[in-house]
Amino acid sequence: MKRLAALALAVSLVAAPALAQTRPTPPGARPPLPAITECDQEASRKAIVGGAETQLNAVQAYMEAYGAYSEAAATWKTDQMVAKGAWTEADREAFGKSLLEDKTFTAMTDANLKEVEKLLALLTPFIESLTAGDETKTCRALVDFMGAAYQVVDSTEKQWRYLDGKIEAAARAKGVTLD
């Protein structure tokens with residue numbers, strides 16, 4: 001399980017689809033995260049709990065959009081390396097496989113999986129608070145869950161930035177500009 005995320009990323013780079021013509025654009029801003037103190041104010045609490053489904057859908061959509069963007073950006077850059085003759089398909093495959101042996105990258109994968117575990121652990125208190133009908137606890141559990149979701153995004157972002165830096169370094173070493 002620890003290497004599952006790293007393996008998925010490496011496979012996505014090795015399997016690289018057809019050359020993308022334009023650089024992917026990042027997703028828009030994150031949906032706002034309510035402050036936990038808003039759960040102490042009745043009007044704010046009711047708005048947060050009442051909009052829970054909408055807020056959770058927005059967070060999920062952002063997480064998915066960020067993941068899709070990051071994967072597309074990495075693929076676009078490796079496509080550029082191949083298209084500009086800096087890498088062969090075999091080089092791209094070797095790069096993807098090398099991530100599985102990169103201690104920094106695998107440590108980031110492990111850290112990301114721990115953040116996912118924390119996120120999943122917060123589901124139980126959230127569901128229990130919903131079942132109990134305790135609006136304050138539901139509000140707090142929702143805000144905690146959303147915050148944990150963003151911790152997963154932050155952890156993932158670190159890993160993608162590291163990968164991006166490795167691709168950029170490979171491009172510089174080959175005298176290639178990724179534009």
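## A helical protein, seen from α5 outwards

V116 lies in helix α5, and that residue makes a handy starting point for a walk through this predicted model. With a relative accessibility of 27%, V116 counts as partly exposed. Its C-alpha atom is 9.5 Å from the C-alpha of V153, a residue 37 positions away in sequence.

Let us step back for the overall picture. The protein has 7 helices and 0 strands, so its pattern along the sequence reads α-α-α-α-α-α-α. There are 179 residues in the protein, and 39% of them count as buried.

**Contacts across the sequence**

V116 has company when it comes to pairs that are separated along the chain and can be compared by their C-alpha distances. V152 is placed in helix α7 and, at 7% relative accessibility, counts as buried. A61 belongs to helix α3; its relative accessibility of 41% makes A61 partly exposed. The table sets out the three pairs.

| Pair | Separation in sequence | C-alpha to C-alpha distance |
|---|---|---|
| V116 and V153 | 37 residues | 9.5 Å |
| V152 and L119 | 33 residues | 7.7 Å |
| A61 and P27 | 34 residues | 9.9 Å |

**The nonpolar core**

L119, the partner of V152 in the table, turns up again in the interior. The largest nonpolar core has 33 residues, and L119 is one of those with the most contacts inside it, together with M81, L142, L163, I167, V176 and L178. Which elements give two or more residues to this core? They are α3, α5 (103-121) and α7. Helix α7 provides the largest share, with 16 residues.

**A disulfide**

Now for a covalent link. A disulfide is a covalent bond between the sulfur atoms of two cysteines. Searching the whole structure turns up 1 disulfide, and its partners are C39 and C139, with 2.1 Å from S to S. The link of C39 and C139 is left-handed, with -75° about the S-S bond. Because C39 sits in the loop between α1 (4-14) and α2 (42-50) while C139 is in helix α7, the pair ties together parts that are 100 residues apart in sequence. Are these two cysteines buried or exposed? Both C39 and C139 are buried.

**Aromatic pairs between α3 and α7**

Aromatic rings make another kind of connection. The structure holds 6 aromatic pairs. One of them brings Y62 and Y150 together in an edge-to-face arrangement, with 6.3 Å centre to centre and 85° between the planes. Y62 lies in helix α3 and Y150 in helix α7, so this pair ties together parts that are 88 residues apart in sequence. The relative accessibility of Y62 is 12%, so Y62 counts as buried. Y150 is buried too, with a relative accessible area of 4%. Ring pairs also extend the picture beyond these two tyrosines: Y62, Y66, Y69 and Y150 are linked into a cluster.

**The second largest pocket**

Y69, a member of that ring cluster, leads us on to a pocket. The second largest pocket has a volume of about 250 Å³. It is lined by 15 residues, and those closest to its centre are Y69, S70, A73, W160 and D164. Where does the lining come from? Helices α3 (52-83) and α7 (135-173) each supply at least two of its residues, and α3 gives the most, with 7 residues. By residue type, the lining of the second largest pocket divides into 9 nonpolar, 1 polar and 5 charged.

**Pulling it together**

Helices α3 and α7 recur in this account. Each gives two or more residues to the largest nonpolar core, each supplies at least two residues of the lining of the second largest pocket, and the Y62 and Y150 ring pair has one partner in each helix. Helix α7 gives the core its largest share, whereas α3 gives the most to the pocket lining. Helix α7 also holds C139, whose disulfide partner C39 lies in the loop between α1 and α2. As for α5, that helix is among the elements that give two or more residues to the core, and V116, where we began, lies in α5 and is partly exposed.

Methods
Residues are numbered from 1 along each chain as its sequence is written. This is a predicted model: local features need pLDDT of at least 70, side-chain atom pairs count only at pLDDT 80 or more; totals for chains, interfaces and linings use all residues. Side-chain values use heavy atoms; hydrogens and water are left out. On a 1 Å grid over the protein atoms alone, a cavity is a set of points where a 1.4 Å probe fits but cannot get out, and a pocket is an open set with protein on both sides within 12 Å along at least five of seven lines; lining residues have an atom within 4 Å of a point. Grid points are joined across faces, edges and corners, and a volume is the space filled by probe spheres set on the points. Helices (H or I, at least four residues) and strands (E, at least two) are DSSP runs, numbered from the N terminus. Ala, Val, Leu, Ile, Met, Phe, Trp, Tyr, Cys and Pro count as nonpolar, Asp, Glu, Lys and Arg as charged, and the others, Gly among them, as polar. A disulfide is a pair of cysteine sulfur atoms within 2.5 Å. Buried means under 20% relative accessible area, exposed over 50%, partly exposed in between (1.4 Å probe, protein chains only). Rings of Phe, Tyr and Trp (its six-membered ring) pair if their centres lie within 6.5 Å; planes under 30 degrees apart count as stacked, over 60 as edge-to-face and the rest as tilted. A nonpolar core is a set of buried Ala, Val, Leu, Ile, Met, Phe, Trp, Tyr and Cys residues joined through side-chain atoms within 4.5 Å.
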